[in-house]
Amino acid sequence: MANFKDIKGFIFDLDGVITLTSKYHGQAWHQLADELGVTWTKALADGLKGISRMDSLEMILKAGNKENDYTEEEKIRFAAKKNDNYLTLIGKMTDEDILPGIPAFLKDLAAHNYKICLASASKNSPIILEKLDLVKYFPIVVDPSKLKKGKPDPEIYVRGAELLHLKPEECIGIEDAAAGIQAINGAGETSIGIGDATELSAADIRFARTTDMTLVNIEAAMKINA
Ligand code: G6P
Ligand code: MG
């Protein structure tokens, strides 16, 4: 693992790290899966975290052995329907929906002159940053529509480091999903997983809750694991 003193930037996932939109993505996909007659399981729900919209739809269809049942146009319609549902679910979000500890952590990072950017697969992330009043912390956002491959491919985290003008080993990536941790590790950055130990076993550092993610705790974890 890198040395804490070499770290210059933090690359954030959004859904499930900064706010619980992960829950709304899950609800909207669950509804679509029900309509398509695909059994919804926890494994399917966990596997979808961090996965792009069209890749998520393909995973759901595959889980129900329906991957060859629909045309591209029908698939685009399903994905649009899911997104409409999702936008309704996030409609009332405000800055009160930021996860605890995140505002203080962002403030601390800014006070210590760390560079920050967002590496979410979501095309909705600019709207969510606005709703949460966090645009000021994230002037730099990786545009997922410009990427060739989604998480777990490292491309989004490689791009994040490039946008910050940092080397991968100078960056820490933060994720709530196994696919995201795989992407950070593949990019050669230090990975922080927020959430379940089993799901995030590949993370360099893991915190159960966002309130545990402080610079002091990160420095301590990097020393212990060094
Ligand atoms: C994030 C979420 C996924 C979601 C993906 C695409 O990575 O964790 O659940 O499918 O973004 O989101 P979008 O808002 O573009 O459909
Ligand atoms: Mg996430």
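1. Start at Lys123 in this predicted model. One of its polar backbone atoms is 2.7 Å from an oxygen atom of ligand 1. Now look at Ser122: here a polar side-chain atom does the job, lying 2.6 Å from an oxygen atom of the ligand. Ile51 joins in through its backbone, with an N or O atom 2.7 Å from a ligand oxygen.

2. How much of ligand 1 does the protein cover? On its own, the ligand has 390 Å² of accessible area, and the protein covers 97% of that.

3. Where does ligand 1 sit? The space it takes is the largest pocket. Try clicking through the residues around it: Asp15, His25, Leu48, Gly50, Ile51, Arg53, Ser56, Lys82, Ala121, Ser122, Lys123 and Asn124.

4. What kinds of residues make up that shell? There are three nonpolar, five polar and four charged ones.

5. Next, zoom out to the whole protein. The domain assignment splits it into domain 1 (4-19 + 97-225) and domain 2 (22-90). Notice that domain 1 is written as two stretches of sequence, 4-19 and 97-225. For the contact between the domains, domain 1 supplies 16 residues and domain 2 supplies 11 residues. Their centres, taken over C-alpha atoms, are 25 Å apart.

6. Finally, put the ligand and the domains together. Which domains contribute to the shell around ligand 1? Domain 1 and domain 2 each give at least three residues to it.

Note on methods. Residues numbered from 1 in each chain as written. Chains lettered and ligands numbered in written order. Predicted model: local features only at pLDDT ≥ 70, side-chain atom pairs only at ≥ 80, totals over all residues. Heavy atoms only, no water. Near = heavy atom within 4 Å. Polar contact = N/O pair within 3.5 Å; in protein donor to acceptor, adjacent residues only side chain to side chain. Areas by Shrake-Rupley, 256 points an atom, 1.4 Å probe, with all protein chains shown as cover. 1 Å grid on protein atoms, 1.4 Å probe; cavity = no way out; pocket = protein on both sides within 12 Å on 5 of 7 lines; lining within 4 Å. Sits in = over half its atoms within 2 Å of the grid points. Nonpolar A, V, L, I, M, F, W, Y, C, P; charged D, E, K, R; others polar. Domains from an automatic or database assignment. Contact = heavy atoms within 4.5 Å.
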